[in-house]
Number of protein chains: 2
Amino acid sequence: YPGCFSGAPVNDPMWSYFTAVAGQDGEIDSEELQRCLTQTGISGTYSPFSIETCRIMIAMLDRDMTSKMGFNEFKELFGALNVWKQNFMMFDQDRSGTVEPHEMSQAVLSMGYRISAQTLNGILKRYSKNGRIFFDDYVACCVKLRALTETFKRRDNMQQGVVNFPYDDFIMCTMAI
Amino acid sequence: YPGCFSGAPVNDPMWSYFTAVAGQDGEIDSEELQRCLTQTGISGTYSPFSIETCRIMIAMLDRDMTSKMGFNEFKELFGALNVWKQNFMMFDQDRSGTVEPHEMSQAVLSMGYRISAQTLNGILKRYSKNGRIFFDDYVACCVKLRALTETFKRRDNMQQGVVNFPYDDFIMCTMAI
Ligand SMILES: [Ca+2]
Ligand SMILES: [Ca+2]
Ligand SMILES: [Ca+2]
């Protein structure tokens, strides 16, 4: 029944924390995730995560399509968030608390994505406010870029860099994130 | 120079309104759009639009990739918003102020999108909160579905329902919205 899994990792120090956040249904929805990320202070001095970014985080990891997050997904997210936060601080070279477009270009390229200048430009415009990229939007951008790239690669069996998308599949992949 | 276009539609009653909202640069960014949509009361008794939905609205119409909105795009948006609002009220048959998943299914199908039950299900999960879809998310969903479908159709020259996406093009189309 809800909250009781076989093989629950009871010795894992994060397990009791997870169950407290998840509540009775044993899974974390976007409101619960937002509250928990705000409380853990993972944003540090940056603004707390928006509900939209929390939804994107859950969608990225939601392999069983429940729109909720289980324990393993929760741990995976914390690992990714810590990496992104370190990257954000590293690429914010002028310590302005935001990543500027030229800093973001370096960050995206350093993550290994091979995209054109035009595509990078579109991404910068979409995620910046008055020419600055805040941590919340930075994470939303990283999550989406990772999820869309994974989606693409799963279909690119021959590794040709080109995928045939039927309309329905295209909409499913892109609307869910 | 900014704010002064040749052929400005000075006799259009919306023109002076547009220039007031747009300010000195003659274009509307997401913050300006959010303020203006809140003031016009187009959301009615529903919550005001989130900044995220405002960004999606601008991205949908942003053919010149400036992340800002000119006068014609502004008028187009108001037209689309009025249609979506009417649809939302019509499909909210139990007058709960939100559209429930079965109401949303009808709404999406009535807009003429041919998508599978699985894809529809993914969309419903992504845009609902506790099983209810609020007006703000409804509009974000409509905007994205329309923009992604247009993007797909522009590439589906033979109208075969299948498009070959190179990786960079796929990322550009999907990250910008
Ligand atoms: Ca900076
Ligand atoms: Ca402006
Ligand atoms: Ca309803």
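**View 1. R95(B), an exposed loop residue of chain B.** In this predicted model, R95(B) has a relative accessible area of 65%, so this residue counts as exposed, the cut-off being over 50%. To find R95(B), follow chain B into the loop between α4 (71–91) and α5 (101–110). While you are there, have a look at the backbone: phi of R95(B) is near 55°, a positive value in a residue other than glycine.

**View 2. Q159(B), in a loop that leads to a strand.** Here we visit the stretch of chain B between α7 and β1, where Q159(B) is found in the loop. Its phi is near 50°, which is positive although Q159(B) is not a glycine. Is Q159(B) buried or exposed? With 72% relative accessibility, Q159(B) counts as exposed.

**View 3. Two β1 strands, one from chain A and one from chain B.** Strand β1 of chain A, residues 162–166, pairs with β1(B). The pairing is antiparallel and runs over 5 bridges. A handy landmark for your own viewer is V162(A), which stands opposite P166(B) in β1(B).

**View 4. The interface of chain B and chain A, seen as a whole.** Contacts link 45 residues of chain B with 45 residues of chain A. Together the two chains bury about 4200 Å² between them, and 57% of that area lies on carbon and sulfur atoms. Which three residues of chain B supply more of its buried area against chain A than any other three? They are R126(B), Y167(B) and M175(B), with 20% of the area that chain B buries there.

**View 5. A salt bridge between E52(A) and R126(B).** The closest N and O atoms of this pair are 3.0 Å apart. The count of salt bridges between chain B and chain A is 4. For polar contacts across the interface, the rule finds 16 residue pairs, with both residues at pLDDT 80 or more. On the side of chain B that touches chain A, the elements that each supply at least two residues are α3 (51–61), α6 (117–127), α7 (135–155), β1 (162–166) and α8 (167–175). Sorted by class, that side of chain B has 22 nonpolar, 12 polar and 11 charged residues.

How values were computed
Residues are numbered from 1 along each chain as its sequence is written. Chains are lettered from A and ligands numbered from 1 in the order in which they are written. This is a predicted model: local features need pLDDT of at least 70, side-chain atom pairs count only at pLDDT 80 or more; totals for chains, interfaces and linings use all residues. Side-chain values use heavy atoms; hydrogens and water are left out. Contact means heavy atoms within 4.5 Å. Buried area is the accessible area (1.4 Å probe) that two parts lose on being put together, summed over both. A salt bridge is a side-chain nitrogen of Lys or Arg within 4 Å of a carboxyl oxygen of Asp or Glu. A polar contact is a pair of N or O atoms within 3.5 Å; within protein, one must be able to donate a hydrogen and the other to accept it, and residues adjacent in sequence count only if both atoms are side-chain atoms. Helices (H or I, at least four residues) and strands (E, at least two) are DSSP runs, numbered from the N terminus. Ala, Val, Leu, Ile, Met, Phe, Trp, Tyr, Cys and Pro count as nonpolar, Asp, Glu, Lys and Arg as charged, and the others, Gly among them, as polar. Two strands pair if DSSP finds at least two bridges between them. Buried means under 20% relative accessible area, exposed over 50%, partly exposed in between (1.4 Å probe, protein chains only).
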